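Let's take a friendly walk through this structure, starting from its metal site and moving outward to the sheet, a helix and the charged pairs.

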Amino acid sequence: MENFTFYSPTKFVFGKGMEAEAGKLVKAFGGSKVLIHYGGGSVVRSGLLDRVKASLDSEGIPYVELGGVKPNPRSGLVYEGIELCKKEGVDFVLAVGGGSSIDSSKAIAAGVVYDGDFWDFYCGKPIEKALPVGTVLTIAAAGSEGSGDSVITKEEGMFKRGASGEGIRPKFSILNPELTQTLPPYQTACGITDIMAHLYERYLTNSKDVEVTDRLIEALLITMKNEGPKVIADPNDYQARANIMWAGTMAHTNSCGVGRSQDWNSHNIEHELSALYDCAHGAGLAVTMPAVFKYVMNHDVARFTQVANRVWGVETAEEGIEAFKQFLVSIGMPSTLGELGGKEEDIPTLVKNLCYGDGRDGTISGFVTLNEEDCTKIYQAMI
Ligand code: NZQ
Ligand code: ZN
């Protein structure tokens, strides 16, 4: 196990009806004027937005609203949010929604207190300072409710890039599993896939003697394997929703990723797909992961065999990858590039953006280092 520092100071408030606590929590973390930031309307239709506003009203906290965050959130709305916060004297950003609303909120929070262009943070500048952010989560997926990360797509060129820093880790996150019961099955399945991806990205390590984190990841993967099909069969299964929601947060606070090197090649390869085709991140990952895993399997076949045995109950590394792929298909996820709207002739563009975007030098690094030729073969394997 390698040396590490783990500091994850988000206050998690979990359970039925907990969105009623939003006002009290904002107050406790010093908010006196709030931006409520949300997506395309699901929180309006469900009545959640009204409940959150009532909670702020009951604490006497004024707010302004900005909706319209798209999945794969865009830079344009971030600039709008920054201007609005400055004009209105906002000192707290409250995201109500999924990873996209949370990531857009984090970008706004960082941009308001920064003199330069907020996009600098998405070109590698760490985010040290930001307005405090709180979240009311409506989908178990990205793990942004407990992470110090944000992913935004720049409209000019459709570059999808990430930023990180302690400054944007949420002060609090409200997790009510009931709120996820209105998700369409496809979005639920995308979330399940993303959670499992966050676990696999950490499982694929070059560090030795990482028994405790290996076992934590395996436990969370088994939870997803068991609980995932239950919520696909019955969207109102509260207990399965609750287990998945907490697994999603645990998968990405990095509690099971400490002291070990991590992969993230599948995420980098996928981000080019959701940037170019605007597909759901989880759906992109469902197509990406089996292709990547098969390609890199021989780098450490014992690691793939271990997860095959312990999680999927099969013998070989290859059978483990196939079992995972079939699981994803069984919950309604795609398995080919075509199903995402992708075309073979786009592969050179995907590879160029992947290997040279984001200041990269022609390779991406993780569990293994992949060059342009490797990445081309991986995208071809998705056809
Ligand atoms: O926009 P609305 O109307 O709210 O609809 C959303 C959206 O269409 C809908 N939805 C969410 N909760 C719902 C609901 N519909 C009905 N009932 C509910 N309770 O679901 C759709 C997807 O929402 P989105 O917020 O995009 O989902 P997700 O949480 O999967 O976020 C995806 C984004 O997070 C990024 C991804 O790249 C992608 O841009 N990621 C962020 C990470 C982070 N910050 O740490 C890590 C991840 O690896 C990921 O890259
Ligand atoms: Zn992800």
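Helices here are DSSP runs of type H or I with at least four residues, numbered from the N terminus. The model is a predicted one.

## The zinc site

By that definition, helix α6 covers residues 185-203, and both D194 and H198 lie in it, 4 residues apart, or about one turn of the helix. An α-helix has 3.6 residues a turn, so residues three or four places apart point the same way. D194 and H198 are two of the protein donors of the zinc ion (ligand 2): the set is D194 through OD, and H198, H267 and H281 each through NE2, at 2.0 to 2.2 Å from the ion. Along the chain these donors follow the spacing D-x3-H-x68-H-x13-H.

Are the two donors from α6 buried or exposed? D194 has 3% relative accessibility, and therefore counts as buried. H198 is buried too, because its relative accessibility is 3%.

Helix α10 spans residues 281-296 and contains T288. The relative accessible area of T288 is 0%, so this residue is buried. Leaving aside residues up to four places away in sequence, T288 touches S266, I269, E270, L273 and M382.

## The parallel sheet

Next comes the sheet. It is open and built from 6 strands, in the order β1-β8-β5-β4-β2-β3, with parallel pairing. β1 (11-14) and β3 are the edge strands; each has a single partner strand, so one side of each lacks a neighbour in the sheet. On average, neighbouring strands are turned by 15 degrees against each other, direction ignored.

At the β1 edge, β1 pairs with strand β8 (residues 172-175) in the parallel sense over 4 bridges. Within this pair, V13 stands opposite I174 of β8.

Helices pack on this sheet. Helix α5 (residues 99-112) touches β2, β4 and β5, and its direction makes about 165 degrees with that of β4. Helix α8 (residues 238-252) lies across β1, β5 and β8, and runs at about 170 degrees to β1.

## Helix α3 and its two sides

Which residues of α3 are buried? In this helix (residues 48-58) they are L48, L49, V52, K53, S55 and L56. Viewed down the axis of α3, these buried residues fall within an arc of 155 degrees, so they line one face of the helix. D50 and S58, on the other side of α3, are exposed.

What do the buried residues of α3 pack against? Their partners include the strands β2 (34-38), β3 (63-66), β4 (92-97) and β5 (133-137), along with the helices α1 (22-28) and α2 (42-45). Just after α3, G60 takes a positive phi of about 70 degrees.

## Charged pairs

Side chains of opposite charge can pair when their charged atoms come close. The structure holds 18 salt bridges, and the table lists three of them by their closest N and O atoms.

| Salt bridge | N to O distance |
|---|---|
| D214 and R303 | 2.9 Å |
| K377 and E373 | 3.2 Å |
| D346 and K343 | 4.0 Å |

The salt bridge between D214 and R303 has its closest N and O atoms 2.9 Å apart. This pair links distant parts of the chain: D214 sits in helix α7 (residues 211-233) and R303 in helix α11 (residues 301-310), 89 residues apart. Both D214 and R303 are buried.

For the pair of D346 and K343, the 4.0 Å separation can be read with a cut-off in mind, because a salt bridge is counted when the nitrogen and the carboxyl oxygen are within 4 Å. D346 counts as buried because its relative accessibility is 14%. K343, with a relative accessible area of 44%, is partly exposed.

K377 and E373 share helix α14 (residues 372-381), where they are 4 residues apart, about one turn of the helix. K377 is partly exposed at 40% relative accessibility, and E373 is partly exposed with a relative accessible area of 49%. Elsewhere, salt bridges that share partners join E211, R215, E218 and R310 into one network.

Key
Residues numbered from 1 in each chain as written. Chains lettered and ligands numbered in written order. Predicted model: local features only at pLDDT ≥ 70, side-chain atom pairs only at ≥ 80, totals over all residues. Heavy atoms only, no water. Buried < 20%, exposed > 50% of the residue type's maximum accessible area, 1.4 Å probe, protein only. Arc of directions from axis to C-beta. Contact = heavy atoms within 4.5 Å. Pairing = 2+ DSSP bridges. Axes fitted to C-alpha atoms, helices over the stretch in contact; angles between N-to-C directions. Donors = N, O, S within 2.8 Å, 3.2 Å for Na, K, Ca; no water. Salt bridge = Lys/Arg side-chain N within 4 Å of Asp/Glu carboxyl O.
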